[in-house]
Amino acid sequence: MSVVAAALAPVHQHYLVQARQMQALSFVAHIPLVAFAISFPAMVLFVEWLYLRTGDPLYGTLARRWTRVVAALFAVGVITGTLLSFEMGLLWPNFTATFGSVFGLGFAIEGFSFFMEAIFIGIYVYGWDRLSPRAHLASGIPIVITGFTGSLMVISVNAWMNHPGGFHLRAGKVVDVHPLSALFGNTYLWHELVHMYIAGYIVSGFVVAAIYAFARLRGRWGRYERTAIAIPLTIAALAAPVQVLVGDWAGREVATHQPIKLAAIEGLTKTTRGAPEHLLGWYTEGQVRYGIEIPHGLSLLAFHSWNAKVQGLDTVPPSQRPPVNIVRISFQTMVGIGTLLALLGLGYLFVRIRRKRLPESVWFYRAVVVAGPLSVVALIAGWVTTEVGRQPWVVYRVMPTADAVTGASGIPVGYATLAVVYLLLACGVAWVLRRLSRAPLDIAPDEHGV
Amino acid sequence: MLKALPLVFCLAGLALYTVLAGADFGAGFWQLLAGRGSHAERVREQAHHSMAPVWEANHVWLIFVITVFWTAYPEAFGSIASTLSVPLFIAAVGIILRGATYALRSGTQNRRELESIDTLFAIASLLTPFALGAAVGGIASERVPVGNAAGDMFSSWLNPTSILVGVLAVATSAYLAAVYLAADAARLGEPELERAFRARALASGLVTGAIALGGLAVLHSDAHSLYHELVTGDAVSTLIVSILAGGATLALVFARSFEAARYSAALAVAAIVAGWALARWPTLLPGLMVQQAAAPHDTLVALVVAVLAGGAILFPSLALLFRLTLTGRFDHVGEGATRVTGQVLSASMPKLPYRAALACLIAGVGLLNVAEAGWAHALGVVSLFGFIVIGFLALVPGAFSREEAMTPPRADEPHGPT
Ligand code: HDD
Ligand code: HEM
Ligand code: HEM
C-alpha cells in the first residue's frame, strides 16, 4: 500500500511520539470515567427502585449518596471528553480533514446522546426531593440509555478506524462515502461495543465493591455496607466470566480482520500452523524469550482449531509492524486480570448461592479491594492492545499515524501542560470522593457498623 | 443549499453556545470581581447556584458545533484546528479547569476551600471565552489558510482582530451573566442581589456596546474586507439588528424586564454571528469556498437528518430542564416528595431463575464461542446479557431480607430520609 489518502499535505512532525502519548494520556483519563458513566447510573436507579418498592430508608440513603458520586464523575467525564474532541483536531488534523466526512457522523450523533445525558443528569441530580418519586426514577432512565448509545457511537468510530469501509480512494481523495455503512455496517463494531459495555459494569462493580470491602476490613460492616457491596459485587461477579467469553469472540474477530495485531499479541514472527502461545516473557530478536509455551495455544485461541495457520509479523515490512512488547504485555495483563476477576466472581457466586450469604473470609475482601483497581488496569490495557496494536496506522491500512499528525510545533509544551493539569485533576477527584465518602450517614447507627 | 445547511447549524450552535455558555462563563467573571465579605459570598453563591444544573448541557453546544463542523467541512476543520492549536488548547484547558471546579465544589467544607476553588473557576472562566474569541478572530481576519498548520502559530490569534473578539467574548459573557443572574435573583425574591446584578448588567452592557462599536475601527485597519462587507454589504442589516437589540436589552434591563432582556441579548449576539457569516459568504477559509469544502452528498444528508432528528428529541428535553431550573423547581426542597409505596420484597430465593440464568449462560457459550455465524453471535450476546440480568435479579433483591436477624421495614409506614 503506497498510495494513501491525505486531504492536507502530510508534514514531518518531530514530536509524533509525544503526540501519541498525549492522546494516550487523555484516553487513560477519560475511559475509566466513562466506564462509570455507562454503568453506575443503572445501579443507582436499581437502588432507587428498591427504595420505592420497599420504602426502606437505607436504600434511599444509598441511592442519594451514589448520586453525588455520579454527578462528580460525570462532570470530570465531560471535560476529559471535551479535550478528546479538541484533540481530534489539535493533534490529528489530517485524520479529521481526510476522513471527517466518513466517521464524523458518529460523533455528531454522539453529541446528541451526550446532550440528553447531560440534561437528564442535571434533572436527576438536582431533582431528588423536587420531583415526585416516580418522575425522578423515570428521569434516570434516559441516562442509562444515552450511556449506551454514547458508547455505541464512539466505538463505531473506533471500529471503523480498525476496520475501515464505506468509502473509496481516488487519487488520495475520499470518494463514494457512505457514512452509515462505514459506521454501523461494520462487523468489527459489535465485539468492541459488547466488550466495552460489559467492561463498564465490571469496572464500576469492582471499584465500588472495593470501597465497601475496604470498609469491612476496617471493621465497618452494618446492613448499609452489606447492601452497598452486594449490589455492585453481584453485577461484577456475573459480568466477569461473561467478559472472558466475549474476549474470546474479540480475539477471533481480531484474528480475521487484523492478523498483524494478532501476531503482535503473541509475538509471532513467522507464519505458523498450530502456533503456540507464550505466557509472560519478552519479545526480542524475533521471538518470545523466557515465556511459558503453550503448544498450539494461539491457533486454538484465535481460530478454535488445533492446527490453524496464523499469519506472522514478517508478512509485512518492519515499518508496518506495531511495537510488539507493548501490545503483548497489555494483552496479557488484560487477560490475566480478566481470568482472575472471573474466578473471583465465580467464587462469590458459589458462596452466595450455596451458602445464601456473603463470603466471610477476610481474604475474599482483600481480594475485592485489589480487584477494583485491577479492573481499571484491565480496561486500559485492553485499549492499549487495540490502539497500539493498530499501529502504525491510524486508519488501518489506509492512513499512517505519521500522516495524520499536526504540523504545529509545541507538542511537548502541550503534553507537559496537560500532564500537570491531569495530575491536579486526579488529586482533585480523589479529594472530592474522599470527602463525599466521609459525609456522615443519615441513618440509624445500628444499620451500619461503627 | 444542502452544502450550506450544516454551516447554518454550526452558526446557530455557536450563537446558542455564546448565549448559554456565555452566561455561564460570565458567572465566573462576577465571582472574580465579587471581592470578599458576606455580600460577595452571596453573589458567588448565587452565581454558582443558578448555573450548576445547566452548565453541562450548555456546554455540549460546543461539542455539537465541533462535531458537525468536522463532519461537514473536514478540510476546513483540520486547517483551523492545526493553525489555531494554541488558543484552542488554552480553551480546552480552561474548560477542564472549570468543569473540575464544579465537581470539586461538592466536596468543600469551609469558606477557605470554597474561595480558592471559586478563584480557579473564575480565572478559567475568563481564559476560555477569550481564547475561543481569539480563535474566531483569527478565522474572521483570514489568518487561517488551508493546510496542516499552514498559518502562523501566534499571529493567527494574537492580532488586533483576535484580541478584539476575545475581549468582546469576555465582555458579552459578563453582560449575559449579569442579566441572567438578575432575573434569577428577581425570581428568588432577593431584591438586594437583584439590584447588584442589575447595576452590573447595565455597566457591562454599556462597556460591551462600546467595545463592539469601537471594534469597528479595529476591523477597519486590521481586517478591512470584513469591515467593508459589514458596513456596506449584505451584512449591514445584521449589524443594525444587533445594535438595536443591544440597545433594547439595556432599556429592558433598566426597566427590570429581565426575562425579555435575555431574549434581546441573545438576538444581539446571534445577529453578530450571522453578520460574520454573511460578510464572508461564500468563502470558508481564504481560497476555500463552502461548496468545495463540503463533505460528499451522502454524508451531508445523513448529517442533516441526524441533526433534525436529534433536535426533535433534544429541544423538548432542554425545555424541560430549563423549565425546572427557571421556575425554581430546583430551589426549595418540596414536601412529600419522598412518599413511597412500601412493599416488602420477597425473601425467598426460588430455584427457577437460577436454572434460567444457567441455561442462558450455556446457550451463550454455544452461540458466541462455538458457533461461527454472525446471527449466532448476536443471539449469543443476548443470551449472555440474559444470564447477567436474570442472575442479578435472582440474587440481589432477596439478599437483604435473608441476611442475619434483620427486621424488614414495616410495610404500612411510609418513611424517607431527611
Ligand atoms: C475490565 C476490562 C476487561 C477485561 C476483564 C477483559 N477485557 Fe479485553 N478489552 C477491554 C477490556 C477488558 C477493553 C474494553 O479495554 C477493550 C479495548 C477495545 C475493546 O473493544 O475492548 C478490550 C480489547 C480486547 C481485545 C482486542 C479487540 C480489538 O482490538 O478489537 C481482545 C482480543 C480482548 N480484549 C480479549 C480479552 C480476553 C480474552 C479477556 C479474558 C480474559 C479479556 N479481553 C478481558
Ligand atoms: C471507548 C471509548 C469511549 C466511550 C465509551 C465514551 C463514552 C462517553 C460517555 C458515556 C460520556 C458521557 C460523559 C460521562 O458520562 O462522563 C462521554 C463524554 C464525552 N466523550 Fe467520550 N467516550 C469514549 C471515547 C471518546 C472519544 C474518542 C472522544 C472524542 C474524540 C470522546 C469525546 C467525548 C466528549 C466530547 C464528551 C463530553 C460530552 C458532554 O459534554 O457531555 N469520547 N464519553
Ligand atoms: C473510541 C474511540 C477512539 C478513537 C476515535 C480513538 C482515536 C485515536 C486516534 C486518532 C489516535 C491517534 C493516532 C494513532 O496513534 O493511531 C489514537 C491513539 C491512541 N489511542 Fe485511541 N481512540 C479511541 C479509543 C481509545 C481508548 C478508549 C483508549 C484507551 C486507553 C485509546 C488509547 C489510545 C492510545 C494508547 C493511542 C496511542 C497509540 C500509539 O500511538 O502507539 N484509544 N486513538
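How far does a polar side-chain atom of A:Y188 lie from an oxygen atom of ligand 1? Keep that in mind as you load the model, which is a predicted one, and let's walk through it stop by stop.

**Stop 1: ligand 1**

Select ligand 1 and then A:Y188. The distance from a polar atom of that side chain to an oxygen atom of the ligand is 2.8 Å. Now add A:H191, where a polar side-chain atom sits 2.9 Å from an oxygen atom of ligand 1. A:E192 also brings a polar side-chain atom to an oxygen atom of the ligand, here at 3.3 Å. To see where the surroundings come from, colour chain A by helix: α6 (188-217), α7 (223-257), α10 (324-355) and α11 (362-389) are the elements that give two or more residues to the shell of ligand 1.

Next, show the whole shell. Ligand 1 is surrounded by 24 residues, and the closest are A:Y188, A:H195, A:K261, A:M334 and A:L379. Colouring by class gives 12 nonpolar, 10 polar and 2 charged residues.

**Stop 2: ligand 3 and its iron**

Stay with helix α11 of chain A and pick A:E387, which lies in it. Which atom should you centre on now? Choose the iron atom of ligand 3: A:E387 (OE) is its single donor from the protein, 2.0 Å away.

Widen the selection to everything around ligand 3. There are 19 residues, and those that come nearest are A:R20, A:W383, A:E387, A:R390 and A:Q391. Three side chains are worth labelling for their distances to oxygen atoms of this ligand:

- A:Q391, with a side-chain N or O atom at 2.7 Å from a ligand oxygen.
- A:R390, with a side-chain N or O atom at 2.9 Å from a ligand oxygen.
- A:T401, with a polar side-chain atom at 3.2 Å from a ligand oxygen.

Which elements of chain A supply at least two residues each to this shell? They are α1, α4 (133-162), α11 and β9 (393-395). The top contributor is α1(A), with 5 residues. In the class colouring, the shell of ligand 3 shows 12 nonpolar, 4 polar and 3 charged residues.

**Stop 3: two backbone details**

From A:Q391, step along the chain to A:P392. The peptide bond joining A:Q391 to A:P392 is cis, with omega near 5°. A:P392 belongs to the loop between α11 and β9 of chain A. Then carry on to A:R397, in the loop between β9 and β10 (399-400) of chain A. Its phi is near 65°, a positive value in a residue other than glycine. For context, most residues other than glycine have a negative phi, and most peptide bonds are trans.

**Stop 4: ligand 2, between the chains**

Turn on chain B and select ligand 2, which lies between chains A and B. The elements giving two or more residues to the shell here are α1, α2 (57-90), α3 (93-127) and α4 of chain A, together with α3 (55-72) of chain B. The largest share belongs to α2(A), with 8 residues.

Which residue is the only protein donor of the iron atom of ligand 2? Click A:H30: its NE2 is that donor, at 2.2 Å. A:H30 is part of helix α1 (residues 16-54) of chain A. An N or O atom in the side chain of A:H30 is also 3.0 Å from a nitrogen atom of ligand 2. Add A:E117 as well, where a side-chain N or O atom is 3.5 Å from an oxygen atom of the ligand.

In the full set of 25 residues around ligand 2, those that come nearest are A:H30, A:A37, A:F74, A:G81 and A:F114. The class split is 17 nonpolar, 7 polar and 1 charged.

**Stop 5: a salt bridge in chain B**

Over all chains, the structure holds 8 salt bridges. To view one of them, display the side chains of B:D24 and B:R98, which meet with an N to O distance of 2.9 Å. B:D24 is in helix α1 (residues 5-33) of chain B and B:R98 in helix α5 (residues 85-105) of chain B, so this pair ties together parts that are 74 residues apart in sequence.

**Stop 6: a patch on the surface**

Finally, switch to a surface view and select A:L279, A:L280, A:I292 and A:I294. They form a nonpolar surface patch, with about 360 Å² of accessible area together. To place the patch on the cartoon, look for A:I292 in strand β7 (residues 292-294) of chain A.

Notes: Residues numbered from 1 in each chain as written. Chains lettered and ligands numbered in written order. Predicted model: local features only at pLDDT ≥ 70, side-chain atom pairs only at ≥ 80, totals over all residues. Heavy atoms only, no water. Near = heavy atom within 4 Å. Polar contact = N/O pair within 3.5 Å; in protein donor to acceptor, adjacent residues only side chain to side chain. Helix = DSSP H or I, 4+ residues; strand = E, 2+ residues; numbered from the N terminus. Nonpolar A, V, L, I, M, F, W, Y, C, P; charged D, E, K, R; others polar. Donors = N, O, S within 2.8 Å, 3.2 Å for Na, K, Ca; no water. Patch = residues over 30% accessible without salt bridge, like charges linked within 9 Å, V, L, I, M, F, W, Y side chains within 5 Å. Areas by Shrake-Rupley, 256 points an atom, 1.4 Å probe, with all protein chains shown as cover. Salt bridge = Lys/Arg side-chain N within 4 Å of Asp/Glu carboxyl O.
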